[in-house]
Amino acid sequence: MKEQVFVKTANVDNATKAIMKLLARPINEMVGLGMIYGDPGLGKSRFAKQMCYRKGYLYIRLEASETAKSFSQKLWRGLKYQLNLTSEPTNEMGNAPGGSTNSLVNLCIRILMDAPHSVIMIDEFDNALPNRELRETIRDIVDQTFATVILIGMSGVRDKLERTNPHFFDRSNFFCEFNSLSVEDVTEICKKVCEFELSPKLIETAHKASAGQFRKLIKTLMLFEDKIRNKRAVTLTAKDMKEIENAGDKGSK
Ligand SMILES: Nc1ncnc2c1ncn2[C@@H]1O[C@H](COP(=O)(O)OP(=O)(O)OP(=O)(O)O)[C@@H](O)[C@H]1O
Ligand SMILES: [Mg+2]
């Protein structure tokens, strides 16, 4: 299996277009908020990290225990590094200056006002839903700066946000759902990541066994490769299917 390969699936293509459209908005008229959501293991985090790496966007992953304070410290650190703000004050450890959450959020807002083209991708946004202060902090950043903020979450996050936070929901200028991988996607992935050329029939088997989910597909292809390498029949046993199923449970969380 070839590592570090990034495949341009239909999801990647749609999400890239949605972000480009948001970036081309009239920034004085429209807030820069978008949301990417979908079932586990479809490649949302990988897409976000790849975009951030390639385009110089800021990637922030919300932990389950994230607070408004810890988020604003992460944001401050990320902005300082990304924008190379050597003159920004730090504490004696080189971290965000002390003070209240509010003063740190305002510091981030001031930095972002000077960098209106900043793009921040916030992964695992579901973790912000139970925390009002954290949610409102993210909303303040969206409302009070020209930065573009892309929220990334699980499939239910869009509906939950609409139900519980309509003010936040209404601000979003795009919603992009990551769908299950198509046979065409799987064909392209096999071409890019497999060390062996797979027949259309095997590709179809891999598509079915993985239920169009990236994490399960990688596991399926690893099993195929192992069998090919060891000159065994490339069929999926009940034990293999169980292994593939379990691969889907192992999130990047
Ligand atoms: N476009 C891609 N090219 C190559 N590999 C990918 C791509 N997208 C995802 N993968 C691989 O598939 C696996 C699952 O992807 P990822 O963790 O991004 O899914 P996710 O949608 O964020 O899942 P979750 O909802 O559980 O957080 C990872 O091992 C990742 O490296
Ligand atoms: Mg993820």
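Modeller: One cut-off before we start: a residue is buried if 20 or more other C-beta atoms lie within 10 Å of its own, with those C-beta atoms placed from the backbone. Also keep in mind that this is a predicted model.

Biologist: Okay, then let's try that on Leu 181: buried or exposed?

Modeller: Leu 181 sits in the loop between β5 and α8. Count the other C-beta atoms within 10 Å of Leu 181 and you get 27. The cut-off is 20 or more, so Leu 181 is buried.

Biologist: Which residues does Leu 181 touch, not counting those up to four places away in sequence?

Modeller: Skip the residues up to four places away in sequence and there's still a list for Leu 181. A distant stretch of sequence comes by as well: Asn 11 is 170 residues from Leu 181 in sequence, yet 8.1 Å away, C-alpha to C-alpha. The residues that Leu 181 touches are Thr 9, Val 186, Gly 212, Phe 214 and Leu 217.

Biologist: And Gln 144, how many other C-beta atoms lie within 10 Å of it?

Modeller: Gln 144 belongs to helix α5, residues 132-144. Arg 110 is 34 residues from Gln 144 in sequence and 9.3 Å from it in space, C-alpha to C-alpha. Gln 144 comes out as partly exposed because its number of other C-beta atoms within 10 Å is 16.

Biologist: Zooming out, how much of the chain is buried?

Modeller: The chain has 11 helices and five strands, and its C-alpha atoms fill a box of roughly 65 × 40 × 30 Å along the principal axes. Take contacts between residues at least 6 apart in sequence, and 76% of them join residues at least 24 apart. Out of the 253 residues, the buried share is 35%.

Biologist: What order do the five strands of the open sheet have?

Modeller: The pairing is parallel. The edge strands, each pairing on one side only, are β2 (58-61) and β5 (174-178). Neighbouring strands are turned by 20 degrees against each other on average, direction ignored. The order is β2-β3-β4-β1-β5.

Biologist: What is the bridge partner of Met 121 in β4?

Modeller: Strands β3 (residues 119-123) and β4 (residues 148-154) run parallel and are joined by four bridges. On the other side of the pairing, four bridges also link β2 to β3, in parallel, with Ile 60 partnered by Ile 122. For Met 121, the partner in β4 is Ile 150.

Biologist: Which residues of β3 are buried on the side with Ile 120?

Modeller: β3 is mostly covered, with five of its five residues buried. Both faces are covered, and Val 119, Met 121 and Asp 123 make up one side. The buried residues on the other side are Ile 120 and Ile 122.

Biologist: Which strands does helix α6 touch as it packs on the sheet?

Modeller: Helix α6 spans residues 157-164, and its direction makes about 130 degrees with that of β1. The strands α6 touches are β1, β4 and β5.

Biologist: Over to α9, then: which helices are included in what covers its buried residues?

Modeller: Helix α9 runs over residues 200-210, and its buried residues are Ile 203, Ala 206, His 207, Ala 209 and Ser 210. After α9 comes Ala 211, with a positive phi near 50 degrees. The cover over the buried residues of α9 includes α8, α10 and α11.

Biologist: How many charged residues are in the contact of α10 with α11?

Modeller: α10 and α11 pack at about 145 degrees with axes 7 Å apart, and their crossing is right-handed. From α10 come Arg 215, Lys 216, Lys 219, Thr 220 and Leu 223, which meet Asp 240, Glu 243, Ile 244 and Ala 247 of α11. By class that gives three nonpolar residues, one polar, and a charged count of five.

Biologist: Last one: what distance separates the centres of domain 1 and domain 2?

Modeller: The chain is divided into domain 1 (10-178) and domain 2 (183-247). Their contact takes four residues from domain 1 and five residues from domain 2. On the domain 1 side, these are two nonpolar, two polar and no charged residues. Taken over C-alpha atoms, the separation of the two centres is 35 Å.

Notes
Residues numbered from 1 in each chain as written. Chains lettered and ligands numbered in written order. Predicted model: local features only at pLDDT ≥ 70, side-chain atom pairs only at ≥ 80, totals over all residues. Pairing = 2+ DSSP bridges. Helix = DSSP H or I, 4+ residues; strand = E, 2+ residues; numbered from the N terminus. Axes fitted to C-alpha atoms, helices over the stretch in contact; angles between N-to-C directions. Contact = placed C-beta atoms within 7 Å. Buried ≥ 20, exposed ≤ 12 C-beta atoms within 10 Å, placed from the backbone. Left-handed = near helix turned anticlockwise from the far one by under 90°. Nonpolar A, V, L, I, M, F, W, Y, C, P; charged D, E, K, R; others polar. Domains from an automatic or database assignment.
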